[in-house]
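Reader: I'm new to this structure and would love a close look at just one part of it. Could you walk me through the place where two domains of one chain meet?

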Protein chains: 2
Amino acid sequence: MPFTERTPRVVAARALTRRQGRDKARRFLAEGAQAIREALAFGEVHELFTTATAAARNADLLTQATAAGVPVSEITDKAATALSETVTPQGLVAVCSLVDQPLESALAARPPLVAVLVGVSDPGNAGTVTRVADAAGAGAVLFAGDTVDPHNGKCVRSSTGSVFHLPIARSRDTATVLTACRTAGLRLVAADGHASLDLDAATDSGSLAVPTAWVFGSEAHGLSAEVLSLVDDVVKVPLHGRAESLNLATAAAVCLYASARALRGV
Amino acid sequence: MPFTERTPRVVAARALTRRQGRDKARRFLAEGAQAIREALAFGEVHELFTTATAAARNADLLTQATAAGVPVSEITDKAATALSETVTPQGLVAVCSLVDQPLESALAARPPLVAVLVGVSDPGNAGTVTRVADAAGAGAVLFAGDTVDPHNGKCVRSSTGSVFHLPIARSRDTATVLTACRTAGLRLVAADGHASLDLDAATDSGSLAVPTAWVFGSEAHGLSAEVLSLVDDVVKVPLHGRAESLNLATAAAVCLYASARALRGV
């Protein structure tokens, strides 16, 4: 008999769709084949729930999970809906250990490129920037201030597995995060559309060729004057046409790739 | 008395929420204050519908529209919902002339940087790439093959006005679009995650320092072998970490900004 939405283990997992539940249990849900594949490879998976339909479609993945000692249980479609944070549940959900670690440990390897998100409340944006940071070779992503929980379902999904790929840390105290970056030998550069210095000039000056933590604010509100006062440079992506701005993920992509290239000594 | 969803002019405008209706009338709807501001500045607006609430909130914009000779009519909330393509109607909709033009005219100024979308069916992606192309200083965006209509409500919205900022053309025939680019003196470079040449190497070789049309495919299917056979170079954005790919808009941002910088002779 498949588990229903009233089966205690499903009820316990459902609590992980809320931040409070996740923080209490130190676990979260990864939904869909792609996220679960990355969780099995790079995270810690405690159990896996699947509908009969999803099981038929993802036989290899379930074999892999079972081989790794992960209990796999069948759930009803209604239970899958209860565990899903999407409009179209994929019928495949894994209970995973939270991926975040203390700031100091996330920065222990002294990575030359780090992304810091400050007050980014949109989970899709936070996840997409995490994916871009991973792609650009960043060694950590730090969620600071009122930034969304990296374990939010939409954030996990839009990161397409990247939340499992690189060290993640979070702290409500933005100043603490920035200080930790400095201690780890990182130069702090904030991205801000109102900056006077543009990215080309920053690149030309050679200032991006040193270990850098890029600080990104929310699309709606940007970075506060207080945060801007704590960084070494404030840089804008140049707008050559008539667009008034870039969205957060595309701006972060241009900045992080400019740093990746500068750090490679090109 | 405000117009209702049954008032003939509202019924006529509602037909513009479908591609067929737009193509027949050669008009489309721009929704929300930002899009309408750009439409008034850079497009051709035929009339404007507003709810009483939206009118109170956007008095300046309505004054500007009236001064420009655009008829402004009040509509009911229900009519606003009928004219909206979003979950949360903004209560402010303008009927505009289509922005696309023939390929040859879009390329007549021989722009040094152009974005070509091939088979991009997601309107949010197409709009975001249009915004990025505008920001990077591209001189045209070309919608080729089965790419979404640039006048689709979600595309217009995610372009944040950029569909009004730079020449847009569309053609079902991708080969025709690529030939037009060549005739306009553009080198054709396709972005493809499976390419052997990476963007840093392409930049270093100097090949991006000439007029370039970047060709982007859909996130799900990429570009067909046929399209890849028609371009001069196929280039991938390097993936330095564990991410398997970038999303379309972030990849396009990195490529277009690399070209913008190369074209400026840096």
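Author: Let's start with one pair of residues: Arg170(A) and Asp23(A) form a salt bridge, with their closest N and O atoms 2.9 Å apart. Keep in mind that this is a predicted model. Now, where does that pair sit? Chain A is split into domain 1, covering 8-97, and domain 2, covering 103-263. Between domain 1 and domain 2 of chain A, the count comes to 2 salt bridges. You'll also find 4 residue pairs in polar contact between domain 1 of chain A and domain 2 of chain A, with both residues at pLDDT 80 or more.

Look next at what domain 1 of chain A brings to the meeting place. Helix 2 (19-25), strand 1 (27-31) and helix 3 (33-42) of chain A are the elements giving two or more residues to the side that touches domain 2 of chain A. Helix 3 of chain A gives the most, with 5 residues. Sorted by class, this side of domain 1 of chain A has 6 nonpolar, 3 polar and 6 charged residues.

Stepping back a little, the C-alpha centres of domain 1 and domain 2 of chain A lie 30 Å apart. Their contact takes 15 residues from domain 1 of chain A and 14 residues from domain 2 of chain A.

And the area? About 1,300 Å² is buried between domain 1 and domain 2 of chain A, and carbon and sulfur atoms give 54% of that. Three residues to pick out on screen are Arg19(A), Arg22(A) and Phe28(A): they supply 38% of what domain 1 of chain A buries against domain 2 of chain A, more than any other three residues.

Note on methods:
Residues numbered from 1 in each chain as written. Chains lettered and ligands numbered in written order. Predicted model: local features only at pLDDT ≥ 70, side-chain atom pairs only at ≥ 80, totals over all residues. Heavy atoms only, no water. Domains from an automatic or database assignment. Contact = heavy atoms within 4.5 Å. Buried area = accessible area lost by both parts, 1.4 Å probe. Salt bridge = Lys/Arg side-chain N within 4 Å of Asp/Glu carboxyl O. Polar contact = N/O pair within 3.5 Å; in protein donor to acceptor, adjacent residues only side chain to side chain. Helix = DSSP H or I, 4+ residues; strand = E, 2+ residues; numbered from the N terminus. Nonpolar A, V, L, I, M, F, W, Y, C, P; charged D, E, K, R; others polar.
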